[in-house]
Amino acid sequence: MPGRFALTAAPESVARCFGLAAIDDFPPRPAILPTQPIMVVLGGRAERAEAFADGPAAQLVRWGLIPGWFKATDRLPAMFNAPAETAAGNPAFRGAMRHRRCLVPATAFYRRTGGRSRTGPLSRFSIEDMPVFAMAGLMEPYMAPDGSEIDTAAILTVPARAPDAGLVDRLPVILRPEDFGRWLDCRHREPGDVADLFRPFCAADFSVETAG
DNA sequence: CCAGACGTTGTT
DNA sequence: GTCTGG
DNA sequence: CCAGACGTTGTT
DNA sequence: GTCTGG
């Protein structure tokens, strides 16, 4: 449940990690917050019916998924995370889970740690042998009342495993490069075919430092 | 059948 | 849109 | 997560 | 301080 993450790698580095044919330049972003634009990587035409590009492509979307059926008069929901355990059946995430699974490139994410009081220190999580890593995400287009369409996204989370339960309650789903293809292939893989990917790294797999 | 709900995490 | 509760 | 508002009434 | 909206 990162409520904050970072993407400070160079654009070429991100392009290489995700097999992107092209990438727009972007500045280092040490503190990315909900409702801000985030980069997502989606599958190409072979993997996704709505895709334009041949291969995986990056685009910017609003961090905070708005279900397509939300009415303008409703309060905008702040769905910046989605619990992976129930996402496939949840009306808010169901369509995206089936048709618009994506990757969210990051170099670190932030969480409060230490007990259930949730008043612990802010900790920075990174992965030593993966300077750029991928969080599993869901993308959903939203048609605004004025006719403009904005693309939105949420990051999937899972409960921390037993050894980490005292440190953090939930962690984002992190995908390994060998699983990118299967996750992004919404044409041939249904939610049930990718549910095995919903396991967190163990906190021991992260480098955790106190952060401001 | 219709009416109404449908979501997250959290103390920078 | 789609599911649940009444 | 942060930024910004923070009023009125009401009585199963 | 605490809630809401983004």
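Visitor: Where is the place of Pro145?
Guide: Pro145 is in the loop between β9 and β10 (149-159). Strands are DSSP runs of E, at least two residues, and helices are runs of H or I, at least four, both numbered from the N terminus. This is a predicted model, where local features need pLDDT of at least 70, side-chain atom pairs count only at pLDDT 80 or more, and totals for chains, interfaces and linings use all residues. Residues are numbered from 1 along each chain as its sequence is written, chains are lettered from A and ligands numbered from 1 in the order written, and side-chain values use heavy atoms, without hydrogens and water.

Visitor: Why is Pro145 called exposed?
Guide: Its relative accessible area is 67%. Exposed means over 50%, buried under 20%, and partly exposed in between, with a 1.4 Å probe and protein chains only. So Pro145 counts as exposed. Between Pro145 and Lys71 lie 8.2 Å, C-alpha to C-alpha, and 74 residues in sequence.

Visitor: What makes Pro27 exposed?
Guide: Pro27 has a relative accessible area of 52%, so exposed is the word for it. Pro27 is in the loop between α1 and β2.

Visitor: How do you know that Phe18 and Phe180 are stacked?
Guide: The search of the whole structure finds nine aromatic pairs. In the pair of Phe18 and Phe180, the centres are 5.3 Å apart and the planes differ by 5°. Rings of Phe, Tyr and Trp (its six-membered ring) pair if their centres lie within 6.5 Å; planes under 30 degrees apart count as stacked, over 60 as edge-to-face and the rest as tilted. By those limits, the pair is stacked.

Visitor: What makes this pair a link between distant parts of the chain?
Guide: Phe18 belongs to helix α1 (residues 11-18) and Phe180 to helix α3 (residues 177-184). They are 162 residues apart. Phe18 is buried at 6% relative accessible area, and Phe180 is buried at 11%.

Visitor: Why are Phe109 and Phe125 also called stacked?
Guide: Their ring centres are 5.0 Å apart, with 5° between the planes. Phe109 is in strand β7 (residues 108-112) and Phe125 in strand β8 (residues 122-126), so the pair ties together parts 16 residues apart in sequence. Phe109 has a relative accessible area of 0%, so Phe109 is buried. Phe125 is buried at 0% as well. Both belong to one aromatic cluster with Phe133 and Phe206.

Visitor: How do you know that the charged end of Arg4 sits over the ring of Tyr110?
Guide: The charged end of Arg4 is 4.5 Å from the ring centre of Tyr110. The rule asks for NZ of Lys or CZ of Arg within 6 Å of the ring centre and within 35 degrees of the ring normal. The charged end of Arg101 sits over the ring of Trp183, 5.4 Å from its centre.

Visitor: Which residues touch the most other members of the largest nonpolar core?
Guide: Phe5, Leu156 and Trp183 do, in a core of 63 residues. Strand β9 (residues 133-143) gives the largest share, seven residues. A nonpolar core is a set of buried Ala, Val, Leu, Ile, Met, Phe, Trp, Tyr and Cys residues joined through side-chain atoms within 4.5 Å.

Visitor: Which residues are around DNA strand D?
Guide: They are Gly3, Leu33, Pro34 and Phe80. Near means that a heavy atom of the residue lies within 4 Å.
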